[in-house]
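User: Could you take a close look at one part of this structure for me? I'd like to start with a single residue, then see what surrounds it in the chain.

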Amino acid sequence: MSQWIGTSNQQYAPYAMEEIRRLVDGASFTPLSPGEVFLMNTPLDRQTVLQTITQQEPIFLRHLQAVDGTIDISGEATDLERLSDMLGAEALSFKDKRTAVHIRRHPKTAFLFSAADTKAALDAKLIEFGAVPALQDPERIIAIYASPDKLYIGFGSPRDMLSDWAGGAVRFQREEGQISRAKFKLLEAEKAFGLQYAKHQKALDIGAAPGGWTSLLLERGLRVTAIDPADLHPSLSAYPTLTYLKRNASEVKLAEGSFDLLVCDMSWSPMMMCRLVLDLEQALVKGATAIITIKLMHKKPMQTIRDVISRMSTAFVLQKAKQLFHNREEITLYLIKK
Ligand SMILES: C[S@@+](CC[C@H](N)C(=O)[O-])C[C@H]1O[C@@H](n2cnc3c(N)ncnc32)[C@H](O)[C@@H]1O
């Protein structure tokens, strides 16, 4: 038997639960923050659940934390003491480990302490145990979810939790002069799919305006062909490595085998997007990487995703489909050209 807390993007928890139900026999769910955070009980042990979930990672499950302990919140200062004591029981497992403390609070929690105060108290305890409190690249994570009446505490690695960010909420620093928030999606995809865009040479960006994705690829040293009938941000014209085709992608002809990276972020009907990308796929070399967002326009996201993947599989092999933290009503596909 094992207990877990799952998190998805706002309103997508029902889909995450549906995916998990298909993978983990006998899983049952209780909402903690409706549409987003849920408690999961399974008859299977922790290792079996982890293996099953990491092998076929659900698209809509952003974060998963095992429940190794719970504390009934009294609303008194003693809650924090009990939490510290619980860490004490695990002290040895933190020694010499870069350890992050992740705290999430339900808006109606009776737990008195802010995330910052809780973290400060637990970091001090971790130092006593010989651990190294870490914000980035932790080896161990202590994940705490403060529900209205209970603290749920889980210990694990970033891999076990599907993310090294609290609740999978990846934050990037907004830069001076950043062209669009969309840039964060491509940055997050790089991390989530273990890619390095700088290893590519020539990228094709379909639906590029105003140019957040194009700017990231240009900054990484790629030559970029950007297609969009809408205007690109004027700052991009400074790049001699940019070719801008101010047209509808359906009107463009491209030389065969000229790109090793395709990115496409058209907020458009998924099936039309498929048609456009498949019409241009011969411009990619074999083995090219493709990062594509799929807009979930309809009431049935799972069906839309299955249809798109099936269409795209004529020319691509799917590596991973994931709803990233920066995806709103959409998911991101990582594909390789056949
Ligand atoms: C969400 S925006 C892209 C944002 C971009 N990734 C960024 O980082 O700034 C979608 C873009 O797709 C473009 N688009 C939609 N249909 C298109 C088509 N058939 N051909 C080319 N571009 C298209 C739209 O003009 C719009 O600029």
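Analyst: Let's start with L162, which counts as buried at 18% relative accessibility. Here "buried" means under 20% relative accessible area, "exposed" means over 50%, and "partly exposed" is in between, using a 1.4 Å probe and protein chains only. Before going on: this is a predicted model, in which local features need pLDDT of at least 70, side-chain atom pairs count only at pLDDT 80 or more, and totals for chains, interfaces and linings use all residues. Residues are numbered from 1 along each chain as its sequence is written, and side-chain values use heavy atoms, with hydrogens and water left out.

Back to L162. You'll find L162 in the loop between β9 (150-156) and α6. Those labels are DSSP runs numbered from the N terminus: helices are H or I with at least four residues, and strands are E with at least two. The backbone of L162 has a positive phi, near 65°, even though L162 isn't a glycine.

Q11 also has a positive phi, about 80°, and isn't a glycine either. Q11 belongs to the loop between β1 (2-7) and α1 (13-23). While L162 is buried, Q11 is exposed, with a relative accessibility of 55%.

Now follow the chain on from L162's loop to α6, which spans 183-192. This helix is one of the elements that the buried residues of α7 pack against; the others are β10 (202-206), β11, β12, β13 (259-264) and β14 (284-295). Helix α7 itself covers residues 212-219, and seven of its eight residues are buried. They are G212, W213, T214, S215, L216, L217 and L218.

What comes just before and after α7? P210 lies in the loop between β10 and α7, and the peptide bond from A209 to P210 is cis, with omega near 0°. After the helix comes G221, with a positive phi near 90°.

Two of α7's packing partners, β11 and β12, have a loop between them, and P234 is in that loop. P234 is exposed, at a relative accessible area of 61%. It's 52 residues from K286 in sequence and 33 Å away in space, C-alpha to C-alpha.

For the opposite situation, look at M40 in strand β3 (residues 37-42). M40 is buried, with 0% relative accessible area. Setting aside neighbours within four places in sequence, it's in contact (heavy atoms within 4.5 Å) with S2, Q3, W4, I20, A27, S28, F29 and V49. Take F29: it sits eleven residues from M40 in sequence, yet their C-alpha atoms are 4.6 Å apart.

What about cysteines? There are zero disulfides in the structure, a disulfide being a pair of cysteine sulfur atoms within 2.5 Å. C264 and C274 are both buried at 0% relative accessibility, but the sulfur of C274 is 9.2 Å from its closest cysteine sulfur, in C264, so the two are too far apart for a bond.

Zooming out, the protein chain has nine helices and 16 strands. Its radius of gyration is 22 Å, close to the 20 Å that the globule rule gives for 338 residues, so the chain is as compact as a globular protein of that length. That radius is taken over C-alpha atoms, and the rule is 2.2 Å times the number of residues to the power 0.38. Buried residues, L162 and M40 among them, make up 54% of the 338 residues.
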